[in-house]
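Here are a few exercises to work through with the structure open. Try each task before you read its solution.

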Amino acid sequence: MKIERDTPGGANSFSGYGEGYVEVNGRRLTQSAVVGAQRLVTDWPAAAIAELSADHLAAIIEMKPEIVLLGTGRTLVFPEPRILAPLYKAGIGVEVMDTPAACRTYNILLGEGRNVVAALIVQS
């Protein structure tokens, strides 16, 4: 699915998503990624929500977002609360949703000027 949306000041935004990929500014990503307005981590090692660990959250915490959208793949799967504890301890809000919903929500929050990061599990 293609997404058309105005992006503030050349910020990273989702331009599409589908089975086994997301697109950021027209660039197709087929592996899990972390997307912030000014930073893109294309080698995020969390390949499945069951593999998510507190160590995977370090790159996100460094970005200092106000909210993280955790895209869990094709379906919504909640991680163990202890896994997300470092985000909460850092005062960062977390919303868990499937990856397509996280892409759409990220673009909306980015358009509102929010400091948002999407951490996405991308499955083929």
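**Exercise 1: Charges and overall build**

To set the scene, the protein carries 11 positive and 13 negative side chains, and the centres of these two sets sit 2 Å apart. Keep in mind that this is a predicted model.

Task: work out which order the elements of the protein run in from the N terminus on, and how the radius of gyration compares with the globule rule.

Solution, step by step:
- Start by counting: you should get three helices and eight strands.
- Now walk the chain from the N terminus, and the order reads β-β-β-β-β-α-β-α-β-α-β.
- Next, take the radius of gyration, 13 Å, and set it beside the 14 Å that the globule rule gives for 124 residues; the two are close, so the protein is as compact as a globular protein of that length.
- For the dimensions, the C-alpha trace spans about 35 × 30 × 20 Å along its principal axes.
- Then look at burial: 48% of the 124 residues are buried.
- Finally, check the contacts with a separation of 6 or more: 62% of them join residues 24 or more positions apart.

**Exercise 2: The two sides of α2**

Task: find which residues of helix α2 (residues 81-89) are buried, and what they pack against.

Solution, step by step:
- Pick out the buried residues of α2, and you end up with Ile83, Leu84 and Leu87.
- Look down the axis of α2: these buried residues fall within an arc of 75°, so they line one face of the helix.
- The spacing rule helps here: an α-helix has 3.6 residues a turn, so residues three or four places apart point the same way.
- Turn to the face of α2 that points away from the buried side, and there you meet the exposed residues Pro81, Arg82 and Lys89.
- As for partners, the buried residues of α2 pack against α1 (58-62), β6 (67-71) and β7 (93-97).
- Past the helix comes Gly91, with a positive phi near 75°.

**Exercise 3: Placing His56**

Task: decide whether His56 counts as buried or exposed, and which residues His56 is in contact with beyond its sequence neighbours.

Solution, step by step:
- Locate His56 first: the loop between β5 (40-41) and α1 holds this residue.
- The cut-off for buried is under 20% relative accessible area; His56 has 14% relative accessibility, so His56 counts as buried.
- Set aside neighbours within four places in sequence, and the contacts of His56 are Trp44, Pro45, Ala46 and Glu51.
- To tie this back to α2, compare C-alpha atoms: His56 and Ile83 are 27 residues apart along the chain, with 9.4 Å between them.

Methods:
Residues are numbered from 1 along each chain as its sequence is written. This is a predicted model: local features need pLDDT of at least 70, side-chain atom pairs count only at pLDDT 80 or more; totals for chains, interfaces and linings use all residues. Side-chain values use heavy atoms; hydrogens and water are left out. Helices (H or I, at least four residues) and strands (E, at least two) are DSSP runs, numbered from the N terminus. The radius of gyration is taken over C-alpha atoms; the globule rule is 2.2 Å times the number of residues to the power 0.38. Buried means under 20% relative accessible area, exposed over 50%, partly exposed in between (1.4 Å probe, protein chains only). Contact means heavy atoms within 4.5 Å. Lys and Arg count as positive and Asp and Glu as negative; His and the chain ends are not counted. The place of a charge is taken as NZ of Lys, CZ of Arg, CG of Asp or CD of Glu. The arc is that of the directions from the helix axis to the C-beta atoms.
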